[in-house]
Amino acid sequence: LKCDAAMVTCGAASAVTLGTAACMSVANGPTTGHLMPADMTGLKNEVITQKAHRYDYDHAMRNCGIKFVEVETIEQYQAAFTPNTVMCFFYNAADGGSISRQDWVRIAHAHNVPCLNDAAADVPPISNLWNYTQMGFDLVAFSGGKGMRGPQNAGLLLGRTNLIDAATKNNSPNDDCVGRGMKVAKEQIVGMVAAIDWFTSQSDAEFEAEFRRRCEVIAAALKDIPTLTAEVFIPPVANNVPHLLIRYDVARVKIAPKDVSRALRHGTPSIELNPSTGSTQASAGIPKDPNKIIVGVWMLEPGEDAIVARRLREVLLQAANS
Ligand SMILES: *Cc1c(COP(=O)(O)O)cnc(C)c1O
């Protein structure tokens, strides 16, 4: 993976917690493991982040007793460093934030503060497994069960040797630390290593061609549904592979996208559409338009594209004819 050191964690959120615990330990000394997250008196515990990079997973850092210091401009970032700064955090797939990855790392390093990048869902492209550590991020977190298709309860923390060592000390089998409940079994480690071997032997072009083909199978089955349009859509950072984006006139095909999700979930076999289906919120590059269905095809096993196509057709055709 072209980095100094690496560990298998029990997911990306766990990798973010252990990475934060590592930065806390390096900044405050080895007894910090015992003190986190409750006894913070006198400890350095500030994590700088862009306001737009606060996200649903930041509990993974707050587990370590840290406080966020939010910035929006480069000037605010420069001024935010104090003797209590332990880490600078970057959310790789953030929808907002004006400070680039390169500037984030450069300014942190000018203050001798390590940077952690949460890139959980951001492979493919395959090279992202090393792009961010090579850009200078001291720690990078990935989810094992997303783009790498490895065990759902595994993830990776990649980075500098001293920080990975400190993360390891904050993890099981040590007892008195935030990571004791984040045990990784030998089965997960073997599964994660096998997933990396598989993933790094694939090609981005072949992934894209195969996912486009699956989108086309599904779109072809829907082409006579009145008012329906289907297009292939590639989110820019997270989940950066072809998805099928479907729109139709709900006045004509009388079912809301969220109800299509429900019908597919409760059908046989149960099918889960992308959670942005029918959502009024933008998420990781997917538009906020509620009147859309998003089909993520990359997790399908061979032949399942035809099953998804058949079920979507049944549900939408029934609504159009009702
Ligand atoms: C999915 C995700 C996580 C959590 O990943 P797990 O492997 O389930 O722990 C953390 N951060 C981001 C940005 C994610 O997309």
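Let's start between two neighbouring strands of this predicted model: strand 6 and strand 7 run antiparallel and are joined by 5 bridges. If you would like a landmark on this pair, look for Phe-142, which stands opposite Leu-156 in strand 7.

Now step back to take in the sheet to which these strands belong. It is an open sheet of 7 strands with mixed pairing, and its order reads 1-7-6-5-4-2-3. The edges are held by strand 1 and strand 3 (67-71); each has a single partner strand, so one side of each is left without a neighbour in the sheet. As you move across, the twist from one strand to the next averages 25°.

With the sheet in view, turn to helix 7. This helix lies across strand 1, strand 6 and strand 7, and its direction makes an angle of about 25° with strand 1. Which residues of helix 7 (residues 161-169) are buried? They are Leu-163, Ile-164, Ala-166 and Ala-167. These residues sit on the same side of helix 7, because the arc they cover around the axis is only 160°. As for their packing partners, the buried residues of helix 7 pack against strand 1 (5-9), strand 6 (139-143) and strand 7 (155-159), and also against helix 1.

That last partner is a good place to go next. Helix 1 spans residues 12-28, and Thr-20 is found in it. Is Thr-20 buried or exposed? Its relative accessibility is 0%, and therefore Thr-20 counts as buried, the limit being under 20%. What does Thr-20 touch, once its neighbours within four places in sequence are left aside? The contacts of Thr-20 are Met-61, Cys-64, Ile-66, Met-87 and Leu-116.

Finally, have a look at the ligand. Around it you will find Gly-11, Ala-12 and Ala-13, the tyrosines Tyr-55, Tyr-57 and Tyr-91, then Asp-118, Ala-120, Ala-121, Ser-143 and Lys-146. Three polar pairs are worth picking out here. A polar backbone atom of Ala-13 is 2.9 Å from an oxygen atom of the ligand. From the side chain of Ser-143, an N or O atom is 2.5 Å from an oxygen atom of the ligand. Asp-118, for its part, places a polar side-chain atom 2.6 Å from a nitrogen atom of the ligand.

Two of these ligand neighbours bring us back to elements already visited. Ala-13 is among the residues surrounding the ligand, and helix 1 covers residues 12-28. Ser-143 also surrounds the ligand, and strand 6 covers 139-143.

Methods
Residues are numbered from 1 along each chain as its sequence is written. This is a predicted model: local features need pLDDT of at least 70, side-chain atom pairs count only at pLDDT 80 or more; totals for chains, interfaces and linings use all residues. Side-chain values use heavy atoms; hydrogens and water are left out. Helices (H or I, at least four residues) and strands (E, at least two) are DSSP runs, numbered from the N terminus. Buried means under 20% relative accessible area, exposed over 50%, partly exposed in between (1.4 Å probe, protein chains only). Contact means heavy atoms within 4.5 Å. The arc is that of the directions from the helix axis to the C-beta atoms. Two strands pair if DSSP finds at least two bridges between them. Axes are lines fitted to C-alpha atoms, for helices over the stretch in contact, and angles run from 0 to 180 degrees between N-to-C directions. A residue is near a molecule or strand if one of its heavy atoms lies within 4 Å of it. A polar contact is a pair of N or O atoms within 3.5 Å; within protein, one must be able to donate a hydrogen and the other to accept it, and residues adjacent in sequence count only if both atoms are side-chain atoms.
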